[in-house]
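Visitor: I would like to go through this model with you, one question at a time. Could you reason each answer out before giving me the value or name I ask for?

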Amino acid sequence: MRTFSIAILVFALLASALPGAAQPTPPPKAMPYPWGTSAPNAPASAPVPGARLATFTGQLLDIINGYAFFSTGDAFKIMPAVRVVDYYSGAATTVAPTTKTYAKATLDEATGQIIELAITKNPLPTSKSYADVKQYVVVKSTMVPAPEFVTTGRAPTGRSVAVTFNVEVPTSTPLTDSVYMSTDASGWVPNAMRMDRIDARHYRLTHFYASGTKFSYRYTRGTWTQVERGADGLEPAAHAFFVPEVDGISHADTVSFWSDQNPSQPQVGPNSIPTPFNPNPFACLPTKANPRPLCSSPAPH
Amino acid sequence: MRRDAALIIAVAAMLALSSAPAVAKPAFEIRAASLAFFANVLGIIARTDATVTTADGLILTGKAAFVDLQHNRILVTGAAEIKNTTRSVRADAIAYDLDAHTVDVLDAAVGARRGAANLLSFTSAPIDSDRFDFPDLDDRRMYIRSRRAIVTPHANARFVPAIFPTSPGALPVPSYMYTYSSNAGFGASALGGATFDQPYGIAGGPTSLLAAHFRYEDGIGPTVALDDHLVYGDRAYIVSSIDSPFRSNRAAQLTAYQSMGPRFSQTFSASASDGIAGGSYDLTAAFGKASAEFDFSRFGASSTLDLSARTPDMRLPYGASARLRADIGFDALPDGVITVLPDHNNYATVWRHGLDLFVSTPVVKMPFGTQLGVTADASRTWYDFPHHRDALTGSATFSKRLSKALTAIASYSAAFSYDIYPGTQALFYPPPQITIIAPDGTPWPGFAAFTGASMTRGYTLDTFYAPSPNTSLRATAVYATDFPQFHGFGRPPLELRLDARFRPLPNVGFDVGRGYDFDWAGRRFTQWTFSVLP
């Protein structure tokens, strides 16, 4: 639920930041809340005598653009001249209704807006009258999500998107080796796209893709015997990437091990010393001249 | 030799067997005066009288068509018609979802309707813009031009013929199969490394691919290879291959891999070349971020077993990390592993155990905008014969970003190893009876100083210049001072290498490189490396 609430908040922030994005109509002028830049305890409106009221209690996420967001994911519109009072005394308070404070919101059923916020720093019991206020919860948002959030549900335009892949390689990566990306779009050729080294442990590659492109990829050192392994030493699933409708995007991955750096694989040792008696020390393959190489053991014994 | 032949026959049988699913019934075929395939969005646009025939008996026609291979849907527009053996529906645009078997019809007079693939009844439906989306793709990004395409959904598309308009080096071919399956099992290969490797799909199905590889291999030259993939979901695959089948030094390989849940995987591989056949079995088990491995291999008469375990990376102060590895195993040979000894028959199996400690620092910021990363590795292996082997390696890498496009990386690495036979060192590392002669005729008396201890030191300067995402230059200089190292034995003391990556057209790029060895044993330039980028 908290994630949902935060998502609502993020969307609200994005919507407020997006030029031209449809959003709830902001108040006509600066809100005379008793906090912020307005004078403390500026004139506030008291509940109209005889008005039908409903209440809702909860923890505040934020108050922004004339709406109060609670951690339950519910949001209510706030009357411009809302009263902010201390929860216990009912008197005016200097405690600002900010994130993590608790509040009892009193709503005017005629307008569905909050006319009073009773604030406290102490937890309040969950409102038992949610059914009474449910109808006033802001649900019919006409906000347009930011394009960065649109990954499905809308046909991509196929625009050219610069996608930058950054990969952190294991410290045991040989210093002079190259790192490549192999993708299903390139027929899984292991040395399809060479990456540029940017420091001791990081490689980078920028490639242009059409938005909407979906592909899988793996990191290699040029062959399929030198392919990435997970932190547990097992072969991980291929990475998947979807190119969203943006100008450019950066993506980071980590390679924990390389498959050829297996403890049971031949290690660099005396057998690999280039000597006249061992002119092909690194091949370690059976040949007619040496049909019985012992890759994992020292030679000569 | 019989084993060699047997394995080659087995691999050939595997290749033949996999052809069966390779000719599996395709789901649909597209014909038009002009087909354009866009690999970057996995879409085919058909212009001028497009006809799509599906395996379930539907025929869609229209002035133009778009096939979305990623989502397995077909859209025909302009005097569009869909029909089966008994019914026919005409509209301005018709969309067919091959996975859902639904037909969406859009007509200016009637509106949008939706029905099933049997075309029996249609009901009004809101316009689903995604289904009727006909993307305006840029022709510059076209990968293949053709007139006919046969598609196996979620697997591959065969184009007949295939013209590669944006690839200057690519000749038109009568048929070309493009595999777009996201199953990484298609990416595994049993083939060895090659300077150049260009695969060419011959046949394929949803779970199989038979491909020819046009290769250039060091020491062999231009050659061809065949490899075949059989994939079983994301959990298993079998890859078999024959390299250089028309040469005397042909080689056959087979690799089978299976993931057995989140903790275990097993791999079996076999190979045969030059009259030697063998195989290995590997079982890997993961315990959190630690792992253990069992490996047994047998080539010819020799066999090796290893059982190893590795700790996860352990955090050390200042962000450094370390991991420890232990292994136990044996080497075996019927005539004896330690052939130097007169009673070598008594040493048919030699057990060993070892420990390896690897430590690394994080990449830390240093003065003048540089960054530094350091690694160190120490290992010792004990044998049940009086013998142990020590190895110490270390590396330090400095990097500095000189500008937005230019990065310089300087590194130093050193490796020391010592093969120690207490009391019998001279028996295993005897002084040479003759003076070693280098390939250029230079005598090398200094080799007599080698008695089992070796040292390698390498100084590397790497510069990367990437002025744009499509252009990259890499220049590498390596200075190596090793022991033993002399006139063609060991690494060249100085080596320069230049690699360039460039993309003359949006859809195709090239990566070429070559090194220079400064007359090391008469060698100046190394062989070119070349690859075509998607």
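Visitor: How many bridges join strand 7 of chain A to strand 11 of chain A?

Guide: This is a predicted model, and in it strand 7 covers residues 180-183 of chain A. Strand 7 and strand 11 of chain A run antiparallel, and one facing pair has A:Met181 opposite A:Tyr219 in strand 11. The number of bridges that join strand 7 to strand 11 is four.

Visitor: Which residue of strand 13 of chain A stands opposite A:Ser216?

Guide: Strand 11 of chain A is also joined to strand 13, residues 239-242 of chain A, and these two run antiparallel over four bridges. Strand 11 itself spans residues 214-220 and is mostly covered, since six of its seven residues are buried. Opposite A:Ser216, in strand 13, stands A:Ala240.

Visitor: Is A:Thr183 buried or exposed?

Guide: A:Thr183 has its place in strand 7 of chain A. Leaving out residues up to four places away in sequence, A:Thr183 touches A:Trp188, A:Met193, A:Phe215, A:Ser216 and A:Tyr217. Its relative accessibility is 2%, and because the limit for this class is under 20%, A:Thr183 counts as buried.

Visitor: Which strands stand at the edges of the open sheet in chain A, each with a single partner strand?

Guide: The open sheet consists of four strands in the order 9-10-6-14 of chain A, with mixed pairing. The two edge strands each have a single partner, so one side of each is left without a neighbour in the sheet. They are strand 9 (196-197) and strand 14 (248-254) of chain A.

Visitor: What is the bridge partner of A:Thr164 in strand 10 of chain A?

Guide: In that open sheet, strand 6 (residues 160-168) and strand 10 (residues 202-210) of chain A pair in the antiparallel sense. Nine bridges make up this pairing. For A:Thr164, the bridge partner in strand 10 is A:Thr206.

Visitor: In the closed barrel of chain A, what is the average twist from one strand to the next?

Guide: The barrel has five strands, running 1-2-3-5-4 in chain A with mixed pairing. Strand 1 (residues 53-64) and strand 4 (residues 102-108) of chain A pair in the antiparallel sense over seven bridges, and A:Leu53 stands opposite A:Asp108 in strand 4. From one strand of the barrel to the next, the twist averages 60 degrees.

Visitor: Of the contacts in chain A between residues at least 6 apart in sequence, what percentage join residues at least 24 apart?

Guide: The secondary structure of chain A comes to two helices and 15 strands. Of its 301 residues, 50% are buried, and the chain exposes about 14000 Å², of which carbon and sulfur atoms supply 57%. Among the contacts in question, the share that joins residues at least 24 apart is 70%.

Visitor: Which strand supplies the largest share of the largest nonpolar core?

Guide: That core has 42 residues, and those with the most contacts inside it are B:Phe28, B:Ile30, B:Phe37, B:Ile44 and B:Leu69. The largest share, five residues, comes from a strand spanning residues 28-38, namely strand 1 of chain B.

Visitor: Which residues does a second, separate core include?

Guide: In soluble globular proteins, nonpolar side chains tend to be buried together. The second core, separate from the one just described, has 22 residues. Included in it are A:Val163, A:Tyr217, A:Val246 and A:Trp258.

Visitor: Which residues of chain A are in contact with B:Phe464?

Guide: B:Phe464 lies in strand 30 (residues 453-468) of chain B and is buried, with a relative accessible area of 3%. Leaving aside neighbours within four places in sequence, its contacts in chain B include B:Ala405, B:Leu406 and B:Leu473. From chain A, B:Phe464 is in contact with A:Asp196 and A:Arg197.

Visitor: What ipTM does the predictor give the complex?

Guide: Chain B averages a pLDDT of 85, and 93% of its residues score at least 70. Over residues 18-24 of chain B, however, the pLDDT is below 50, although this stretch has 14 contacts in the model beyond near neighbours in sequence. For the complex the predictor gives a pTM of 0.66 and an ipTM of 0.73.

Technical notes:
Residues are numbered from 1 along each chain as its sequence is written. Chains are lettered from A and ligands numbered from 1 in the order in which they are written. This is a predicted model: local features need pLDDT of at least 70, side-chain atom pairs count only at pLDDT 80 or more; totals for chains, interfaces and linings use all residues. Side-chain values use heavy atoms; hydrogens and water are left out. Buried means under 20% relative accessible area, exposed over 50%, partly exposed in between (1.4 Å probe, protein chains only). Contact means heavy atoms within 4.5 Å. Accessible areas come from the Shrake-Rupley method with a 1.4 Å probe; for residues, only the protein chains shown count as cover. Two strands pair if DSSP finds at least two bridges between them. A nonpolar core is a set of buried Ala, Val, Leu, Ile, Met, Phe, Trp, Tyr and Cys residues joined through side-chain atoms within 4.5 Å. pLDDT is the predictor's confidence in each residue, from 0 to 100. Axes are lines fitted to C-alpha atoms, for helices over the stretch in contact, and angles run from 0 to 180 degrees between N-to-C directions.
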